[in-house]
Amino acid sequence: MLLLLLLQDESHFIKSSESARSKAASVLLKSSKRVLMLSGTPALSRPIELYPQISAINPRLFSNVVKFGKRYCAGVKDQFGWNFSGSSNLEELKLLLEDSVMIRRLKSDVIPELPPKVRDYISDILDSDKKFICFAHHKVVLDGICDTLMEKNKEYATAYAHRLSSTGVYRIPCSCRAVYIGTTQQSFKTRISEHRRNCRLGHVGKSAVAEHAYLEGEHNIRFEDTNTLSDTPHLYARLHREAIEIYKHKNNFNRKEEGLKVNKAWYPALRKTNIKPAHVAQLNNTTPDADRVGNSKPAREAHSSADRGDNSKPPPPHCIDNDAASADCNRHAQ
């Protein structure tokens, strides 16, 4: 079958003649009368990556890869064969490509032909009072959207999906209103998957989450509601932050013997920054006894776990990933 025109976008993906993608594309390219290739970066790192694209558009320009490699890739022959990882005569190659097969367009060349940028799309949706989901990548864009929502007094919720790919301290809630505080040097997604697997297989010795789910009654671990408390990559900063969060979350079901312990000297400063999770606050609002959460079994275990840390060395303020806690700790130490 003869194709009249073949349009290939992101043509730099066929930079290697030996890849399966390039071999599959070459069958279509050879069966086409005309070929049009588009790419913002035709060569990602070295001139040899241009050869498959050049040979697909005009096979007569270079009779073989060795001729191209010796002239423009500083090709040398070693014990393994030809090595075309270098570069040479680049100015000549540029002039040759522009004269034969390459048409280069800069942004300044085509900007007059493009429509004006639309920046008020979010505002138009907000004025229509419709619910919507907005996906954004850059923090500046996210902050701008949040500012617009606050100016218009609109309720919104944010979910930073990229946070689950980093390392740090995380919180897993349970249907019983208790939480698990953990830290990991792996990605959050990997660690949560390990917790899920341990719960599924009943490995209570490997995970406090699985132990809570199986040995302390019927519990529904809400993995889908896991959130990040800190994404610091440094080991000791993570361990200190985990200890602080365990102390602040009185309703945790962490094991007593795991992790660092917060020294009693830091209790007054940490109490000032003790922010309760949303689901705990809702429970307090629905129960007449505000101390019911603090008198629960996980809370008593958290108190006793912290009390055993008398002899532990207090964490230095610079290791605490919480600006308010660091300031209060400094004042208390003085």
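Let me begin with a term: a residue is called buried when its relative accessible area is under 20%, exposed when that value is over 50%, and partly exposed in between. With that in hand, and bearing in mind that what you see above is a predicted model, I can say that buried residues make up 37% of the 334 residues in the chain. The secondary structure comes to 14 helices and 7 strands, and if we take the contacts between residues at least 6 apart in sequence, 57% of them join residues at least 24 apart. As for the outside, the chain exposes about 21,700 Å², of which carbon and sulfur atoms supply 53%.

I would like to start with the interior, and with one strand in particular. How many of the residues of strand β5 are buried? For β5, which covers residues 168-173, the count is 6 of the 6, so this strand is largely enclosed by the rest of the structure. Its pairing goes to two partners that I will take in turn. With strand β6, residues 179-184, β5 runs antiparallel and is joined by 6 bridges, and within that pairing I172 stands opposite Y180 of β6. These two strands form a hairpin that has 5 residues between them, and in the turn R177 takes a positive phi of about 80°. The other partner is strand β7, residues 227-230, which pairs with β5 in the antiparallel sense over 3 bridges; here Y170 has T228 of β7 as its bridge partner.

Two threonines in loops beside these strands deserve a closer look. T167 lies in the loop between α7, residues 139-151, and β5, and its relative accessible area of 17% means that it counts as buried, since the cut-off is under 20%. What does T167 touch, once residues up to four places away in sequence are set aside? The list runs through T184, Q185, Q186, S187 and F188, and then through S230, D231, T232, P233 and R238. For one of these, Q186, we also have a backbone distance: T167 and Q186 are 19 residues apart in sequence, yet their C-alpha atoms are 5.8 Å apart in space.

The second threonine, T226, is found in the loop between α9, residues 208-215, and β7. T226 is likewise buried, with a relative accessible area of 13%. A polar atom of the T226 side chain lies 2.8 Å from the backbone oxygen of F223, and, leaving aside neighbours within four places in sequence, T226 is in contact with Y170, R171, I172, P173 and I192.

That brings me to helix α9 itself, where A208, V209, A210, H212 and A213 are buried. Against what do the buried residues of α9 pack? They pack against β5, β6 and α8, the last of these being residues 188-201. At the start of α9, a side-chain oxygen of S207 reaches to within 3.1 Å of the backbone nitrogen of V209.

Let me now turn to the surface. L4, L5, L7, L36 and L38 form a nonpolar patch there, and together they have about 500 Å² of accessible area. The elements that give two or more residues to this patch are β1, residues 3-9, and β2, residues 32-38, with the largest share, 3 residues, coming from β1. One of the leucines, L5, is found in strand β1; is L5 buried or exposed? Its relative accessible area is 55%, so L5 counts as exposed, the cut-off for that being over 50%.

Finally, for those who check backbone dihedrals, there are two residues to inspect. E10 has a positive phi of about 50° although it is not a glycine; it is found in the loop between β1 and α1, residues 20-30, and at 33% relative accessibility E10 counts as partly exposed. N89 also has a positive phi of about 50° without being a glycine, and it is found in the loop between β4, residues 81-83, and α4, residues 90-100. With a relative accessible area of 35%, N89 is partly exposed.

To gather the threads, β5 has all 6 of its residues buried, it pairs with β6 over 6 bridges and with β7 over 3, and the buried residues of α9 pack against β5 and β6 among others. On the surface there is the nonpolar patch of leucines, L4, L5, L7, L36 and L38.

How values were computed:
Residues are numbered from 1 along each chain as its sequence is written. This is a predicted model: local features need pLDDT of at least 70, side-chain atom pairs count only at pLDDT 80 or more; totals for chains, interfaces and linings use all residues. Side-chain values use heavy atoms; hydrogens and water are left out. Patches are made of residues with over 30% relative accessible area and no salt bridge: like charges are joined within 9 Å, nonpolar side chains (Val, Leu, Ile, Met, Phe, Trp, Tyr) within 5 Å. Accessible areas come from the Shrake-Rupley method with a 1.4 Å probe; for residues, only the protein chains shown count as cover. A salt bridge is a side-chain nitrogen of Lys or Arg within 4 Å of a carboxyl oxygen of Asp or Glu. Helices (H or I, at least four residues) and strands (E, at least two) are DSSP runs, numbered from the N terminus. Buried means under 20% relative accessible area, exposed over 50%, partly exposed in between (1.4 Å probe, protein chains only). Two strands pair if DSSP finds at least two bridges between them. A polar contact is a pair of N or O atoms within 3.5 Å; within protein, one must be able to donate a hydrogen and the other to accept it, and residues adjacent in sequence count only if both atoms are side-chain atoms. Contact means heavy atoms within 4.5 Å.
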